[in-house]
Amino acid sequence: MPSGRTHDRITLWTLPWVAGMAFWQTRSSNITLLITGGFLFGGLMFGPDLDIYSRHYQRWGWLRWIWLPYQKSLRHRSFLSHGPIIGTTLRVIYLCCVFSLFGLLVLLLAQTLFNLEWNWQTTGESVGKSLIFYATEFLALFLGMELGAMSHYLSDWSGSAYKQFKKKGVAGLLASGKIKKGKVSARIRKPSRTKTSRSSSRSRVK
Ligand SMILES: [Zn+2]
């Protein structure tokens, strides 16, 4: 599969195309900005490789630790991180959960320290209202992030397919699906091996 550097290049080279297509389809500079912003975010630091010690992970800087539980619970290149739509959806849900937990702690602290007037109902209502009000904007942002992630897993898959093709020709391409299935069932049978393979692959910076 391509290196982190190649993934970055693919993201940056495809950015003008994404921006052009978005503006052509929407005729809105705001939506185009959200899609391209989401695309950059998804391609450079919110991508599928957050399931491993990678460039994506490193770019979170001092906040990178928030992705440790995510890495611990997912196998590298699993369907839940590298699957179309499901990968981005899960990461969005995960990040929202982490940030709302932070927000909740800050609000609780402010309430006890400064006697702040705040209740669950009004907070929930205002969050719900802004979600509905800015639905198009959120959707555009999500679409951008998904496109950014898509450029990643498409190049991952085509990279692997090309390797198989170079090694064994068309037969290698056809067999790769069967091999993958075999590997998965072997992992299910031997959970102890999964751990070692996961930690060894994590130690490599992609
Ligand atoms: Zn990947």
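Visitor: Where along the chain does I85 lie?

Guide: I85 sits in the loop between α5 and α6 (86–114), where helices (H or I, at least four residues) and strands (E, at least two) are DSSP runs numbered from the N terminus. This is a predicted model, in which local features need pLDDT of at least 70 and side-chain atom pairs count only at pLDDT 80 or more, while totals for chains, interfaces and linings use all residues. Residues are numbered from 1 along each chain as its sequence is written, and side-chain values use heavy atoms, with hydrogens and water left out.

Visitor: What is the phi of I85, and is the residue buried or exposed?

Guide: Although I85 is not a glycine, its phi is positive, at about 65°. Buried means under 20% relative accessible area, exposed over 50%, and partly exposed in between, with a 1.4 Å probe and protein chains only; I85, at 51% relative accessibility, counts as exposed. R27 can be read in the same terms: this residue, in the loop between α1 and α2, has a phi near 60°, a positive value in a residue other than glycine, and is exposed with a relative accessible area of 57%.

Visitor: How many helices and strands does the protein chain have?

Guide: The protein chain holds ten helices and zero strands. Of its 206 residues, 32% count as buried.

Visitor: How should I read the length and the bend of helix α1?

Guide: The expected span of a helix is 1.5 Å times one less than its number of residues. For the 23 residues of α1 (residues 4–26) that gives 33 Å, and the end C-alpha atoms are 31 Å apart, which agrees. A bend at a residue is the angle between axes fitted to the seven residues ending there and the seven starting there; α1 bends by about 40° at T14, and a proline, P16, follows within four residues.

Visitor: Which residues of α1 are buried, and what covers them?

Guide: An α-helix has 3.6 residues a turn, so residues three or four places apart point the same way. In α1 the buried residues are G4, H7, D8, T11, V18 and A22, and their cover includes α2 (29–44), α3 (55–58) and α8.

Visitor: Which residues does S155 contact beyond its neighbours in sequence?

Guide: Contact means heavy atoms within 4.5 Å. S155, in helix α8 (residues 135–168), is in contact with P2, H7 and I10 once its neighbours within four places in sequence are set aside. A polar contact is a pair of N or O atoms within 3.5 Å; within protein, one must be able to donate a hydrogen and the other to accept it, and residues adjacent in sequence count only if both atoms are side-chain atoms. The side chains of S155 and H7 make such a contact at 3.2 Å, and S155 is buried, with a relative accessible area of 10%.

Visitor: Which residues are the protein donors of the zinc ion?

Guide: Donors are N, O and S atoms within 2.8 Å of the metal (3.2 Å for Na, K and Ca), and sites may look incomplete because water is not among the atoms. Here the protein donors are D49 (OD), H82 (NE2), H152 (NE2) and D156 (OD), lying 2.2 to 2.3 Å from the zinc ion. H82 lies in helix α5 (residues 79–82) and D156 in helix α8, so the pair ties together parts that are 74 residues apart in sequence. H82 is buried at a relative accessible area of 3%, and D156 counts as buried at 0%.
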